[in-house]
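The following questions and answers concern charged side chains and the nonpolar core of one protein model. Please consult the sequence and structure shown here.

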Amino acid sequence: KIMIKKVFKVTGMKCIHCEAHVEEAVNALPGVNGAKADREACSLTVEVDEVCVSDNQIQEAVNALGRYELEIL
């Protein structure tokens, strides 16, 4: 498997619990090797296997939480 790192902009994270919710949702997706949210940078760094998971699936997982918005740049 070839894993690549992607960085997304995520708005709406206010605290460490917000970061944990976003990370948990994205880490549950097949093909994600690790997700790290940073509320201060409004970012989400994800290590993914692009064959298994798309940017849109990551966006849907985050946006489905309701409080946060992930933008695909």
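Q: Is Glu 50 buried, partly exposed or exposed?
A: This is a predicted model, and the assignment is computed from it. Buried requires under 20% relative accessible area and exposed requires over 50%. The relative accessibility of Glu 50 is 47%, so this residue counts as partly exposed.

Q: Which residue forms a salt bridge with Glu 50, with N to O at 2.9 Å?
A: Glu 50 lies in the loop between strand 3 and helix 2, and its partner lies in strand 1, 44 residues apart. The side chains meet at 2.9 Å, N to O, and the partner is Lys 6.

Q: Is Lys 6 buried or exposed?
A: Lys 6 is placed in strand 1, residues 4-11. Its relative accessibility is 15%, and because buried means under 20%, Lys 6 counts as buried.

Q: Which residues are joined with Lys 6 into one network by salt bridges that share partners?
A: Asp 55 forms a salt bridge with Lys 6, the closest N and O atoms being 2.5 Å apart. Asp 55 lies in helix 2 and Lys 6 in strand 1, so this pair ties together parts 49 residues apart in sequence. Glu 50 also meets Lys 6 in a salt bridge. The residues joined with Lys 6 are therefore Glu 50 and Asp 55.

Q: How many residues has the largest nonpolar core?
A: Val 26, Leu 44, Val 46, Ile 58 and Val 62 have the most contacts inside this core. Among the elements giving two or more residues to the core are helix 1 and helix 2. The number of residues in the core is 19.

Key:
Residues are numbered from 1 along each chain as its sequence is written. This is a predicted model: local features need pLDDT of at least 70, side-chain atom pairs count only at pLDDT 80 or more; totals for chains, interfaces and linings use all residues. Side-chain values use heavy atoms; hydrogens and water are left out. Helices (H or I, at least four residues) and strands (E, at least two) are DSSP runs, numbered from the N terminus. Buried means under 20% relative accessible area, exposed over 50%, partly exposed in between (1.4 Å probe, protein chains only). A nonpolar core is a set of buried Ala, Val, Leu, Ile, Met, Phe, Trp, Tyr and Cys residues joined through side-chain atoms within 4.5 Å. A salt bridge is a side-chain nitrogen of Lys or Arg within 4 Å of a carboxyl oxygen of Asp or Glu.
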